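Here are my notes on the model you sent. They are set out as numbered points, to be read with the structure open.

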Amino acid sequence: MVDDYNRITGSKATHTDAFDPVVGERIAYAVLSHYAKHIQASGITPTADHMLFIWNGGGGAWKRVEKPQADQKQINLNTYRSRATPIINNYINGKEKRRKPTERT
């Protein structure tokens, strides 16, 4: 992801930089936003699955959401998704509970 971030933004971030929460969030946002544009350009609405596959499998891994392959990489991506999805859902549900009642949609 750091290499992608540097390529996309022209930055010179290091792997160590990514451990800073602020920098890490900036890296994630830039990279995932970049690839989300590619997904949308192909006529697909980006989902959490696309983002998870990109984060764990690289920029082209999003294609495996619609077109899974019978290989070890797909097995690894599916395992990652099954482990990450409950964490994401807990975060989303917790965030919803933390919002003021007037902010809820």
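1. A residue counts as exposed when its relative accessible area is over 50%, as buried when that area is under 20%, and as partly exposed in between. T45, at 63% relative accessibility, is therefore exposed. T45 sits in the loop between α2 and α3. Setting aside neighbours within four places in sequence, T45 is in contact with I39 and H50.

2. Please keep in mind that this is a predicted model. The protein has five helices and zero strands, and from the N terminus the elements run α-α-α-α-α. Of the 105 residues in the protein, 27% are buried. Among contacts between residues at least 6 apart in sequence, 33% join residues at least 24 apart.

3. Helix α1 covers residues 2-9 and includes N6. Is N6 buried or exposed? N6 has a relative accessible area of 15%, and the limit for a buried residue is under 20%, so N6 is buried. Not counting residues up to four places away in sequence, N6 touches S11, K12 and A13.

4. Helix α1 also holds a salt bridge within itself: the side chains of D4 and R7 meet at 3.3 Å, N to O. D4 and R7 are three residues apart in α1, which is about one turn of the helix. The two partners fall into separate accessibility classes: D4 is buried at a relative accessible area of 16%, whereas R7 is exposed at 51%.

5. Next, the packing of the helices. Two packed helices are described by the angle between their axes and by the distance between those axes. For α1 and α2, the axes come within 9 Å and cross at roughly 70 degrees. Angles of 65 to 115 degrees count as roughly perpendicular, so α1 is roughly perpendicular to α2. The crossing of α1 and α2 is left-handed.

6. Which residues make the contact of α1 with α2? From α1 they are V2, D4, Y5, R7, I8 and T9. From α2 they are R26, I27, A30, V31, H34 and Y35. By type, the residues of this contact divide into seven nonpolar, two polar and three charged. D4 and R7, the partners of the salt bridge in α1, both belong to the contact with α2.

7. Helix α2 (residues 21-41) also packs against α3, at an angle of about 120 degrees and with the axes 10 Å apart. That angle makes α2 oblique to α3, because it lies outside the ranges for roughly parallel (under 35 degrees), roughly perpendicular (65 to 115) and roughly antiparallel (over 145). The crossing of α2 with α3 is right-handed. On the α2 side, the contact is made by A28, L32, Y35, A36 and I39. On the α3 side, H50, M51, I54 and W55 take part. The residues of this contact divide into eight nonpolar, one polar and no charged.

8. Helix α3 itself runs over residues 48-57, and its buried residues are H50, M51, L52, F53, I54 and G57. Of these, H50, M51 and I54 are named in point 7 as part of the contact with α2. H50 is also a contact of T45. Just after α3, G58 takes a positive phi of about 100 degrees.

9. How many salt bridges does the structure hold? There are three. Besides D4 with R7, the side chains of R81 and D49 meet at 3.2 Å, N to O. R81 is in helix α5 (residues 72-98) and D49 in helix α3, 32 residues apart, and the pair links distant parts of the chain. R81 is partly exposed at 23% relative accessibility, and D49 is partly exposed at 24%.

10. A further salt bridge joins the side chains of R64 and D71, at 2.8 Å, N to O. R64 is buried, with a relative accessible area of 12%. D71, at 26% relative accessibility, counts as partly exposed.

Terms used: Residues are numbered from 1 along each chain as its sequence is written. This is a predicted model: local features need pLDDT of at least 70, side-chain atom pairs count only at pLDDT 80 or more; totals for chains, interfaces and linings use all residues. Side-chain values use heavy atoms; hydrogens and water are left out. Buried means under 20% relative accessible area, exposed over 50%, partly exposed in between (1.4 Å probe, protein chains only). Helices (H or I, at least four residues) and strands (E, at least two) are DSSP runs, numbered from the N terminus. Contact means heavy atoms within 4.5 Å. Axes are lines fitted to C-alpha atoms, for helices over the stretch in contact, and angles run from 0 to 180 degrees between N-to-C directions. A crossing is left-handed if the near helix is turned anticlockwise from the far one by less than a right angle, and right-handed if clockwise. Ala, Val, Leu, Ile, Met, Phe, Trp, Tyr, Cys and Pro count as nonpolar, Asp, Glu, Lys and Arg as charged, and the others, Gly among them, as polar. A salt bridge is a side-chain nitrogen of Lys or Arg within 4 Å of a carboxyl oxygen of Asp or Glu.
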